Amino acid sequence: MLDPVEVPRALEEQVIGESREMHIVRQWIVRAAGHDEPVLLLGETGTGKEVVARAIHAFSTKRSNRHFQAVNCGAI
């Protein structure tokens, strides 16, 4: 396991949940936001992939000044 990172309060309000797993998800969001590499999010419908993608975009200094476009691949 990686060392814990500090999660901004705004992220805790945007990605809600108090379980251990949600704390880990928020830490991964902070880590991903700190890099400019593409991020692949996988999961079942309704698991919050778009919420996580928007959070990574919003908390990234490099991504947040660009447009965010969500794509529903199942609808294509």
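Which side chain meets that of arginine 66 in a salt bridge? In this predicted model, the partner is aspartate 36, and the N to O distance between the two side chains is 3.2 Å. Arginine 66 belongs to the segment that follows helix H3 (49-58), whereas aspartate 36 sits in the loop between helix H2 (20-33) and H3, so the pair ties together parts that are 30 residues apart in sequence. Both ends of this bridge are partly exposed, arginine 66 having a relative accessible area of 47% and aspartate 36 having a relative accessibility of 40%.

This pair is one of four salt bridges in the structure, and others are found within single helices. In helix H3, arginine 54 forms a salt bridge with glutamate 50, and their closest N and O atoms are 2.9 Å apart. Because the two residues are four residues apart in H3, about one helical turn separates them. Arginine 54, at 39% relative accessibility, counts as partly exposed, and glutamate 50, at 41%, likewise counts as partly exposed.

Helix H1 (residues 9-14) offers a further case: arginine 9 forms a salt bridge with glutamate 12, with 3.6 Å between the closest N and O atoms. These residues are three residues apart in H1, which means that they are separated by about one helical turn. Arginine 9 counts as exposed at 58% relative accessibility, since a residue must be over 50% to be placed in that class, while glutamate 12 is partly exposed with a relative accessible area of 32%. The pair does not stand by itself, for Arg9, Glu12 and Glu13 are linked in a network of salt bridges.

From these charged pairs we can turn to the interior. The largest nonpolar core is made up of eight residues, namely Val7, Leu11, Val15, Ile29, Ala32, Val52, Ala55 and Ile56. Helices H2 and H3 each supply at least two residues of this core, and H3 gives the most to it, with three residues.

How does each helix take part in the packing? In H3, the buried residues are Val52, Ala55, Ile56 and His57, and the buried residues of this helix pack against H1 and H2. In H2, the residues Arg26, Gln27, Ile29, Arg31, Ala32 and Ala33 are buried, and the buried residues of H2 pack against H1 and H3. Burial in H2 therefore includes arginine and glutamine as well as nonpolar residues, each of them being under 20% relative accessible area.

Valine 7, a member of the largest nonpolar core, shows some of these contacts from the other side. When its neighbours within four places in sequence are left aside, valine 7 is in contact with Glu12, Arg26, Gln27 and Val30. Among these partners, Arg26 and Gln27 are buried residues of H2, and Glu12 is the residue that forms a salt bridge with arginine 9.

The geometry of H2 can also be checked against expectation. At 1.5 Å a residue, its 14 residues should span 20 Å, and because its end C-alpha atoms are 20 Å apart, the two values agree. Arg31, one of the buried residues of this helix, lies over the face of tryptophan 28, at 5.3 Å from the ring centre. Aromatic pairs, by contrast, number zero in the structure.

Notes: Residues numbered from 1 in each chain as written. Predicted model: local features only at pLDDT ≥ 70, side-chain atom pairs only at ≥ 80, totals over all residues. Heavy atoms only, no water. Phe/Tyr/Trp six-rings, centres within 6.5 Å; stacked < 30°, edge-to-face > 60°. Lys NZ or Arg CZ within 6 Å of the ring centre and 35° of its normal. Buried < 20%, exposed > 50% of the residue type's maximum accessible area, 1.4 Å probe, protein only. Contact = heavy atoms within 4.5 Å. Core = buried A, V, L, I, M, F, W, Y, C linked by side-chain atoms within 4.5 Å. Expected span 1.5 Å × (residues − 1).
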